[in-house]
There are 2 protein chains.
Amino acid sequence: MTALKRIEREPLWDLAHAQLRDALLAGRFAPGTVLTLRALAESFGTSITPVRDAVTRLVAQGVLQQGPRNAAIVPHLTARELGDLTVVRCALEGQAAREAARRCNTAGLERLKSLLATMQSLIAAKNLESYLDYHRQFHFEIYAMSGVPILVETIENMWLRCGPVLSFVIPEYVVLLKGWDHHTAALKAIVAGDADAAEREIVADITEAADYLASLADANGQLRRPLREALATS
Amino acid sequence: MTALKRIEREPLWDLAHAQLRDALLAGRFAPGTVLTLRALAESFGTSITPVRDAVTRLVAQGVLQQGPRNAAIVPHLTARELGDLTVVRCALEGQAAREAARRCNTAGLERLKSLLATMQSLIAAKNLESYLDYHRQFHFEIYAMSGVPILVETIENMWLRCGPVLSFVIPEYVVLLKGWDHHTAALKAIVAGDADAAEREIVADITEAADYLASLADANGQLRRPLREALATS
DNA sequence: TTTTGGTGTTTGTTATAACAAACATCTTAA
DNA sequence: TTAAGATGTTTGTTATAACAAACACCAAAA
């Protein structure tokens, strides 16, 4: 009788965490900004307790850095740090692709083919926003196929640390540098069960994108958005 | 004039975090135990606010699992999960060893030689407690040599997730299975700048220890301490 | 002009109280 | 005897107030 019992009592700090995370990923906070607990609480319409939990969690994940007086600051990603992240990502995502090539299943392969087709049509339509979303889904469909949850979780953390930089890719890069070609090659390697090729293609995809992003760095090693107006905090 | 200004005002939640972390690593909490905020607060002599911060951070790091009602429970590591962790560790620590072989410096190499000598003498003295400590230092001295902070940080997180299982190795294993031989071989590979050999030795060290631990699993895949009385919660 | 001292504000930290959901226990009716 | 309901306890969640350190700003003395 209590079929509609679904309370969905999600805690406020969980909502705050998700919203903060998305805002960070979308680059809605300028790098270097100190996130004040009281200011965030006001913008969320809650007390500081839930936002404190959310910020604590984000700092523990490495998504936010902690400043001098334990203040949470949104990190600027230097070219050096992007290179470090690329090393870790290649190790993790390369291994995940390798495992995926061994344990691939037909259902997952169908999803990958579908995602790849969607990505190609979005490229043709020059719809970058949606493309980045499906691009993320494509990668993580592969990683989920590895069957190693901790690996997927750790890779997600690295993507979070890359933060808004992932959205810096401009359509010209995606179209001209044949970046998606590694995606089709990776999928082909996975269906063939070729772990070496799968790893090689994923690593190439990551490093080529990272090299492109590194070329955007200024003299101080700061990475900035290429064109496209940068939205302020909100 | 204010030379002795060092206040060392470390927050309470930082102390609670460190103590909880060490207790988890030492296996002082039985797997499956639900950590109650009020009970922890009483044991620390503080209010629940600092321990809540500490627990939130540990859950975000993946060191603690969150139970049904957002309760923090200390995870039991199954043989399956240990295998997953081993895959991730091999990818990360293998890459770190590879980088260390490229960027090795004389100061670090001296520290590694010293640590290795200490480890061998501790093995001879059958002092397992101290050995495990120096064993940890030896590994992370290599990883720090990679010069990739994010890589080191991620590896630390994996070691935390392995939790108390790392202390399950018994002296017989360390002495008989020549486990430390991989350590000398890894150091030799690093001084020679042989990245392939360094990765191979570190991976072998990890997988051999993991295989030994997996042999301790019961029919349910639960990993338990071999002999040695298991200390209760406190 | 520069430096020193004070004052008010900002901000993270901690304790405490109140709340609601979940669990446990016991009573009562069929 | 068993099942259903009431009740008290446990426990995470949230708001609020108070505290202390750090910062910002300004005034006064050298």
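Colleague: Why is A:Cys90 called buried in this predicted model?

Modeller: The relative accessibility of A:Cys90 is 13%. Buried means under 20%, so A:Cys90 counts as buried.

Colleague: Why is B:Cys104 called partly exposed?

Modeller: B:Cys104 has a relative accessibility of 27%. The partly exposed class lies between the limits of 20% and 50%, and therefore B:Cys104 is placed in it.

Colleague: Why is A:Cys90 not bonded to the closest cysteine sulfur?

Modeller: That closest sulfur belongs to A:Cys162 and is 11 Å from the sulfur of A:Cys90. A disulfide requires two cysteine sulfur atoms within 2.5 Å, so 11 Å is too far for a bond.

Colleague: How many disulfides are there over all chains?

Modeller: The count by this rule is 0 over all chains.

Colleague: What makes A:Ile155 a buried residue, and where is its place?

Modeller: A:Ile155 has its place in helix H7 of chain A, residues 149-162. Its relative accessible area is 0%; the limit for buried is under 20%, so A:Ile155 is buried.

Colleague: Which residues are in contact with A:Ile155, leaving aside its neighbours within four places in sequence?

Modeller: They are A:Leu92, A:Glu93, A:Ala96, A:Phe140 and A:Tyr143. A:Glu93 is 62 residues from A:Ile155 along the chain, and the two C-alpha atoms are separated by 6.9 Å.

Colleague: Why is B:Glu99 called buried?

Modeller: B:Glu99 has a relative accessible area of 6%. The limit is under 20%, so B:Glu99 is buried. B:Glu99 lies in helix H4 of chain B, residues 79-102. Not counting residues up to four places away in sequence, B:Glu99 touches A:Val87 and B:Ser146.

Colleague: What span is expected for helix H6 of chain B, and what span does the helix reach?

Modeller: Helix H6 of chain B, residues 128-145, has 18 residues. At 1.5 Å a residue, 26 Å is expected, and the helix reaches 26 Å from its first C-alpha to its last. Among the buried residues of H6(B) are B:Leu128, B:Tyr131, B:His135 and B:Phe138. H6(B) is followed by B:Gly147, whose phi is positive, near 75 degrees.

Colleague: What makes the approach of A:Arg38 to DNA strand C a polar contact?

Modeller: A polar side-chain atom of A:Arg38 lies 2.8 Å from a base nitrogen of DNA strand C. The cut-off for a pair of N or O atoms is 3.5 Å, so the pair at 2.8 Å is a polar contact. For A:Asn70, the partner is a phosphate oxygen of DNA strand C at 2.7 Å. An N or O atom in the side chain of B:Thr49 is 2.8 Å from a base nitrogen of DNA strand C.

Colleague: Which classes of residue form the surface near DNA strand C?

Modeller: This surface has 7 nonpolar, 5 polar and 4 charged residues. Of the atoms of DNA strand C within 4 Å of the protein, 57% belong to sugar or phosphate and the rest to bases.

Colleague: Which residues come nearest to DNA strand D?

Modeller: Of the 17 residues around DNA strand D, those that come nearest are A:Leu12, A:Ser47, B:Arg52, B:Arg69 and B:Asn70. Sugar and phosphate account for 57% of the atoms of DNA strand D that come within 4 Å of the protein.

Colleague: What makes the approach of A:Ser47 to DNA strand D a polar contact?

Modeller: An N or O atom in the side chain of A:Ser47 is 2.6 Å from a phosphate oxygen of DNA strand D. The limit is 3.5 Å, so this pair is a polar contact. A base nitrogen of DNA strand D lies 2.8 Å from a polar side-chain atom of B:Arg38.

Note on methods
Residues are numbered from 1 along each chain as its sequence is written. Chains are lettered from A and ligands numbered from 1 in the order in which they are written. This is a predicted model: local features need pLDDT of at least 70, side-chain atom pairs count only at pLDDT 80 or more; totals for chains, interfaces and linings use all residues. Side-chain values use heavy atoms; hydrogens and water are left out. Helices (H or I, at least four residues) and strands (E, at least two) are DSSP runs, numbered from the N terminus. The expected span of a helix is 1.5 Å times one less than its number of residues. Buried means under 20% relative accessible area, exposed over 50%, partly exposed in between (1.4 Å probe, protein chains only). Contact means heavy atoms within 4.5 Å. A residue is near a molecule or strand if one of its heavy atoms lies within 4 Å of it. A polar contact is a pair of N or O atoms within 3.5 Å; within protein, one must be able to donate a hydrogen and the other to accept it, and residues adjacent in sequence count only if both atoms are side-chain atoms. Ala, Val, Leu, Ile, Met, Phe, Trp, Tyr, Cys and Pro count as nonpolar, Asp, Glu, Lys and Arg as charged, and the others, Gly among them, as polar.
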